[in-house]
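This report walks a newcomer through selected features of one protein model, from its surface to its charged pairs and a pocket. Please keep the sequence and the structure in view while reading.

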Amino acid sequence: VEERGRVAGGFSNISLEYGTETAKGVNGSFQVKVAGSKGVKLEAVADGTLLFISDDEYLQTYIGGPQVGVNLLGGRINPFVRALYGISLYDGVRSYTHSAGLGVDVGLGERAFFRGTYDRVDISGIPPFYRTTIGVGVKF
């Protein structure tokens, strides 16, 4: 059966570009295959993250866009690059958001996989930051 997409969830950590401040949170993503040939695939991705800045402060990002991946070792290893665009919500304010990053899915069996990602996230009005996410997912 040909894979049509993937859904994944995990934990995120951010670090600011010019400092040592960090924040932790959760992440979820959904992707569907748009086109593919000879192990290379183009996918559409929707990604959401909730980051806990402090006890009463949090940052939400909702971004989506294209992702290009390659199936290696019979599909067990899937590195990818992506460019995502959308909005963020912080302190009641919506801001334009975009990110560029890369990641890899490592098969844990027929349908399950481990995911690791690294993205630079730019939100209008605040310094850029780097988001690292680890998690698990399932292929469908």
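Is Leu73 buried or exposed? The model discussed here is predicted, and in it Leu73 has a relative accessible area of 69%, which is over the 50% that marks a residue as exposed. Leu73 therefore counts as exposed.

**Two loop residues with positive phi**

Leu73 sits in the loop that runs between β4 (57-70) and β5 (77-90), and although Leu73 is not a glycine, its phi is positive, at about 50°. A positive phi of about 50° is also found at Lys38, again a residue that is not a glycine. Lys38 is placed in the loop between β2 and β3 (40-54), and with a relative accessibility of 84% Lys38 counts as exposed. Along the chain Leu73 and Lys38 are 35 residues apart, while their C-alpha atoms are separated by 13 Å.

**A nonpolar patch on the surface**

Leu73 also belongs to a nonpolar patch on the surface, which is formed by Val34, Val40, Leu42, Val68, Val70, Leu72, Leu73, Val81, Leu102 and Tyr118 and which together offers about 860 Å² of accessible area. The elements that contribute two or more residues to this patch are β3 and β4.

**Salt bridges**

Across the whole structure, a search finds ten salt bridges. Three of them are set out in the table, each with the distance between nitrogen and oxygen.

| Pair | N to O distance |
|---|---|
| Arg6 and Glu3 | 2.6 Å |
| Lys41 and Glu3 | 3.8 Å |
| Arg131 and Asp47 | 3.0 Å |

Glu3 takes part in a salt bridge with Arg6 and in another with Lys41. The pair of Lys41 and Glu3 links distant parts of the chain, since Lys41 lies in strand β3 and Glu3 in the segment before β1, with their positions 38 residues apart in the numbering. How exposed are the basic partners of Glu3? Arg6 counts as buried, because its relative accessibility is 1%, and Lys41 likewise counts as buried, with a relative accessibility of 7%. Both residues are also part of a network of salt bridges, in which Glu3, Arg6, Lys41, Glu43, Asp105 and Arg115 are linked.

The side chains of Arg131 and Asp47 meet in a salt bridge as well, and this pair too links distant parts of the chain, with Arg131 in strand β8 (residues 129-139) and Asp47 in strand β3, 84 residues apart. Arg131 is buried at a relative accessible area of 1%, and Asp47 is buried at 5%.

**The second largest pocket**

Which residues line the second largest pocket? Its lining is made up of Ile14, Leu16, Glu21, Thr22, Ala23, Ile53, Leu59, Tyr90, Ile126, Pro127 and Phe129, and the elements that give two or more residues to this lining are β1 (5-16) and β2 (22-37). The pocket has a volume of about 260 Å³. Sorted by class, the lining of this pocket holds nine nonpolar residues, one polar residue and one charged residue.

Leu59, one of the lining residues of the second largest pocket, can also be related to a residue in a loop. Gly92 lies in the loop between β5 and β6 (93-107), and the C-alpha atoms of Gly92 and Leu59 are 9.7 Å apart in space, although the two residues are 33 residues apart in sequence. Gly92 is exposed, given its relative accessible area of 83%.

**Strand β8 and its far separation**

A last pair of positions involves strand β8, where Lys139 is found. Is Lys139 buried or exposed? Its relative accessible area is 12%, which means that Lys139 is buried. Lys139 and Pro128 are eleven residues apart along the chain, and their C-alpha atoms are separated by 31 Å.

Key:
Residues numbered from 1 in each chain as written. Predicted model: local features only at pLDDT ≥ 70, side-chain atom pairs only at ≥ 80, totals over all residues. Heavy atoms only, no water. 1 Å grid on protein atoms, 1.4 Å probe; cavity = no way out; pocket = protein on both sides within 12 Å on 5 of 7 lines; lining within 4 Å. Points joined across faces, edges and corners; volume = space filled by probe spheres on them. Helix = DSSP H or I, 4+ residues; strand = E, 2+ residues; numbered from the N terminus. Nonpolar A, V, L, I, M, F, W, Y, C, P; charged D, E, K, R; others polar. Buried < 20%, exposed > 50% of the residue type's maximum accessible area, 1.4 Å probe, protein only. Patch = residues over 30% accessible without salt bridge, like charges linked within 9 Å, V, L, I, M, F, W, Y side chains within 5 Å. Areas by Shrake-Rupley, 256 points an atom, 1.4 Å probe, with all protein chains shown as cover. Salt bridge = Lys/Arg side-chain N within 4 Å of Asp/Glu carboxyl O.
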